[in-house]
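Me: I have a model open and would like to learn how to read it. Could you walk me through a few features?

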Amino acid sequence: GSSVTNAAGATITGGTAGIFTEGSSPSTVVNSGSTGGTGSTSSGVALGSGGSVTNAATASITGYHGVSSNGAGTVVNAGSIAGTSGNGDGVTLHFGGSVSNSITASITGYHGIDVSGHAGTVDNDGSVIGTGNYGYAIDLSAGGSVTNAASASITGGTGIEISGSSAGTVINNGRIAGTHGDGVNLESGSVTNASSASISRS
């Protein structure tokens, strides 16, 4: 795998992707500046064989998909990650993985976070937004878990969708809202909603 570090104040852009990693093993991307995919279907960061992306508090990643991974992926976000056009996702992981979104951070896209292929884990202390009326803030199509902190919000056409053969788990201490559908939709599993928390649908 490869390793890419983008320093604070620095900018990386590209028509295919801002950063695209190849090879047969996972790669590591650390972004403290601005990284963007400028093409109509390009990602800000594209991991060809999976790996990890760390986005600092002052940093941004943008593209059709903000971050995409064709292997198991780990995303740690303290800044801003956005899918900026059409049906692009904030973060899309095609072979499972985890996303951690800190208290000051945001992830935005048609689907905010989309994890498929294998189970996903999302720990949200910030804001996750699915902008599409029929999009999900968080979609885990192979099962997994979502933990939403007291200070955090998850908002989309559907707030959280967890499907697949594995049971899903949602622990909510903050706010989850579906603006055109369910706040939480589980094929199977459990939802724990704290007394001070809210889950709503429209």
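Reply: We'll go through sheets, strand pairing, the core and two serines, bearing in mind that this is a predicted model.

Me: Let's begin with the sheets. What is the strand order in the open sheet of nine strands?

Reply: When you read a sheet, list the strands in the order they sit side by side. Here that order is 2-5-8-11-14-17-20-23-26, and the pairing is parallel. Strand 2 (11-14) and strand 26 (198-201) are the edge strands, each pairing on one side only. From one strand to the next, the twist averages 5°.

Me: And which strands make up the open sheet of eight?

Reply: Read along 3-6-9-12-15-18-21-24, again with parallel pairing. Strand 3 (17-21) and strand 24 (184-186) are at the edges with a single partner strand each, so one side of each has no neighbour in the sheet. The twist here averages 5° from one strand to the next.

Me: How do I zoom in on a pair? Which residue stands opposite I154?

Reply: Pick two neighbours, check their direction, then look for residues facing each other across the pair. Strand 20 (residues 153-156) and strand 23 (residues 175-178) pair in the parallel sense over four bridges. I154 stands opposite I176 in strand 23. You can do likewise with strands 12 and 15, which run parallel and are joined by three bridges; there, T92 is opposite D114 in strand 15.

Me: What about a strand with partners on either side? How many bridges join strand 7 to strand 10?

Reply: Take each partner in turn. Five bridges join strand 7 to strand 10 (residues 73-77), and the two run parallel; N55 stands opposite N77 in strand 10. Strand 4 (residues 27-31) also pairs with strand 7 in the parallel sense, over five bridges, and V29 is opposite V53 in strand 7.

Me: Which residues of strand 7 are on its covered face, and which on its uncovered one?

Reply: To read faces, sort the residues of the strand by how covered they are. In strand 7 (residues 51-55), G51, V53 and N55 form the covered face, while S52 and T54 form the uncovered one.

Me: Now the inside. Which residues have the most contacts within the largest nonpolar core?

Reply: With a core, ask who belongs to it and which elements supply them. The largest one here has 27 residues, and V91, I113, I138 and I160 have the most contacts inside it. Elements giving two or more residues to this core include strand 6 (43-47), strand 12 (91-93) and strand 15 (113-115). Strand 18 provides the largest share, three residues. Try clicking on I113: beyond its neighbours within four places in sequence, its contacts include V91, V99, I107, V122 and I138.

Me: Two serines caught my eye. Is S69 buried or exposed?

Reply: Compare the relative accessible area with the cut-off: under 20% counts as buried. S69 has 1%, so it is buried. This serine is in strand 9 (residues 65-69), and a polar atom of its side chain lies 2.6 Å from the backbone oxygen of G71. Leaving out neighbours within four places in sequence, S69 is in contact with L47, G50, G51, T92, L93 and H94.

Me: And where is S166?

Reply: S166 is in the loop between strand 21 and strand 22 (168-172). Its relative accessibility is 36%, so S166 counts as partly exposed. Not counting residues up to four places away in sequence, S166 touches A142, G143 and S188. S166 and G144 are 22 residues apart in sequence, with 7.2 Å between their C-alpha atoms.

Technical notes:
Residues are numbered from 1 along each chain as its sequence is written. This is a predicted model: local features need pLDDT of at least 70, side-chain atom pairs count only at pLDDT 80 or more; totals for chains, interfaces and linings use all residues. Side-chain values use heavy atoms; hydrogens and water are left out. A nonpolar core is a set of buried Ala, Val, Leu, Ile, Met, Phe, Trp, Tyr and Cys residues joined through side-chain atoms within 4.5 Å. Buried means under 20% relative accessible area, exposed over 50%, partly exposed in between (1.4 Å probe, protein chains only). Contact means heavy atoms within 4.5 Å. Two strands pair if DSSP finds at least two bridges between them. Axes are lines fitted to C-alpha atoms, for helices over the stretch in contact, and angles run from 0 to 180 degrees between N-to-C directions. A polar contact is a pair of N or O atoms within 3.5 Å; within protein, one must be able to donate a hydrogen and the other to accept it, and residues adjacent in sequence count only if both atoms are side-chain atoms.
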